[in-house]
Amino acid sequence: MKTLAEKLFQERNLTDEELLLVLRQHENEEVREEFAKLARIRQKEHFENYIYIRGLIEVSNYCKNDCYYCGIRRSNQKAKRYRLSKEDILSCCKQGYESGFRTFVMQGGEDGTFTDDFLVDVIQEMRARYPDCAITLSLGERSKESYQRLYDAGANRYLLRHESIDPTHYGKLHPSDMTIEHRKQCLYNLKEIGFQTGCGIMVGSPHQTYEHILKDIRFMQELKPEMIGIGPFLPHQDTPFKDEAKGSMTLTLLMLSICRLIFCESLIPSTTALSTIHPQGREMGVLAGGNVAMPNLSPVNHRKKYLLYDDKKCTDEEAAEGRKALEKRMQAIGYEVVSSRGDFKGKSEETKHV
C-alpha cells in the first residue's frame with residue numbers, strides 16, 4: 001500500500017484529510033525524511049543538483065504599512081530608516097555581476113519615494129547594463145498599471161507573499177486597511193501581465209492553524225506560482241508579536257518538501273529565516289526541496305537596518321562576499337551553486353527582456 005508521501009510523489013496532490021494528517025506529523029522524523037527524499041528526486045529531475053543564487057538588494061526600509069509581524073512596520077519608531085539611491089542600486093548590481101550573479105532582487109518596504117518613474121528609470125538602466133540578467137522585484141502591493149510599467153521597463157519576476165489566504169487569519173496579521181482580497185488581486189494581475197510570480201507564507205505565524213496552511217496550499221495550486229517563499233515566522237522585539245513563539249523548523253521543512261512535490265518546476269528558496277533559526281538551516285532547506293539561495297548584495301552599512309525579525313543573519317554566507325563559503329557548504333551536501341539566471345522551467349531564458 002502506498003504511503004502518503006508516495007501518493008503525493010506520483011499524483012502531485014492529496015485530499016484535504018490526507019494533507020492535514022501529513023502536516024500534523026511534522027515532528028515525526030521518519031515522515032519528514034520520506035517526504036524530503038522524494039522531494040530531492042523531483043528537485044534533481046528538474047534542476048539536477050543546481051542551486052541558483054539571487055543577489056538581494058534591500059533598497060529601502062521605509063514602509064507605509066503597519067503589518068503586526070514586521071520590523072520595518074510604519075509604527076516602529078526604533079527602526080533606523082534608509083533608502084538607496086539609483087547610484088547605490090547600480091553599484092550593488094556591478095558588484096554582484098562581477099561576483100557571478102545573474103539575477104538581481106530589489107526588495108523593500110512600500111516606500112512612496114519609489115515612484116513608478118524612479119523605478120522605471122532604475123530598471124531600464126539595469127536592463128541596459130546587464131541584458132543577460134533577470135530582474136526580480138519585491139516591493140509590495142501596487143496598481144496593475146504600475147506593475148505593467150515595471151514589466152515593460154524590463155523587470156522579469158515579482159515576489160509578493162500572500163501570508164495567509166484565509167481572510168480572518170490575514171486580518172490577525174495585518175491592520176484593517178489591508179485585505180487578502182487586494183493582495184490576491186495583485187498576484188493575479190502580476191500573472192496576467194507576464195511576470196514570473198512568487199507567493200508564499202510564514203510557517204507558524206501567530207494564530208495559524210493546519211487548516212489555514214491547507215487553504216494556502218490550495219490557493220497556490222490555483223495560482224500556479226513560478227516561485228514559492230516558505231520560511232518560519234520569527235518575532236521582532238519592536239512589534240505587537242514580540243512575545244510570540246518562533247515558527248516550527250520541522251513544519252517549515254515538511255512544507256518545503258510538500259511544495260516541491262506539488263509544484264515540481266517552481267523555484268523555492270532555502271530562506272534567510274531558515275539560516276537564522278538553525279546553523280544548518282540553509283542546507284536543511286535545500287535537502288528538503290529548496291533550490292534557490294539569496295545572498296545579500298546590499299551595502300554593508302545598511303544590512304543590519306533591514307530587520308524584518310530579530311537576529312537576522314545578514315553577514316557571512318548571506319553576504320555576496322561569502323559566496324565561496326556558500327559554495328563549499330552546498331558542495332558538502334552534494335549541490336553546485338551556479339551563475340545561471342535560473343528561470344522557471346516553463347519560461348524560456350530568451351525572454352523579451354533579454
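## Aspartate 166 and its surroundings

Let's start in the loop between strand E5 and helix H7 (167–173), where aspartate 166 is found. Keep in mind as you look around that this is a predicted model. Is aspartate 166 buried or exposed? The cut-off for buried is under 20% relative accessible area, and aspartate 166 counts as buried because its relative accessibility is 8%.

Which residues does aspartate 166 touch, once its neighbours within four places in sequence are left aside? They are His212 and Lys215. With lysine 215 there is also a polar contact: the two side chains are joined at 2.7 Å. Arginine 323 makes a useful landmark elsewhere in the model: its C-alpha atom is separated from that of aspartate 166 by 38 Å, and the two residues are 157 places apart along the chain.

## Helix H6 and its buried side

Next, turn to helix H6, which spans residues 144–153. Its buried residues are Ser146, Tyr147, Leu150, Tyr151 and Ala153. Why do these residues lie on the same side of H6? They cover an arc of only 160° around the axis, and that puts them on the same side. The general pattern helps here: an α-helix has 3.6 residues a turn, so residues three or four places apart point the same way.

Several elements help to cover the buried residues of H6, including helix H5 (116–129) and helix H8 (180–193). Strands E4 (134–138) and E5 (157–159) are also part of that cover. Just after H6 comes glycine 154, which has a positive phi, near 130°.

## A three-stranded sheet

Now for the strands E8, E1 and E9. They form an open sheet in the order E8-E1-E9, with parallel pairing. The edges are strand E8 (292–293) and strand E9 (336–338), each of which pairs on one side only.

How many bridges join strand E1 (residues 50–53) to E8? There are two, and these strands run parallel. To find the pairing by eye, look for isoleucine 53, which stands opposite alanine 293 in E8.

## The helix across the sheet

One more helix completes this tour. Helix H14, made of residues 323–332, lies across E1, E8 and E9. Relative to E9, helix H14 runs at about 140°.

Definitions and conventions. Residues numbered from 1 in each chain as written. Predicted model: local features only at pLDDT ≥ 70, side-chain atom pairs only at ≥ 80, totals over all residues. Heavy atoms only, no water. Buried < 20%, exposed > 50% of the residue type's maximum accessible area, 1.4 Å probe, protein only. Helix = DSSP H or I, 4+ residues; strand = E, 2+ residues; numbered from the N terminus. Arc of directions from axis to C-beta. Contact = heavy atoms within 4.5 Å. Polar contact = N/O pair within 3.5 Å; in protein donor to acceptor, adjacent residues only side chain to side chain. Pairing = 2+ DSSP bridges. Axes fitted to C-alpha atoms, helices over the stretch in contact; angles between N-to-C directions.
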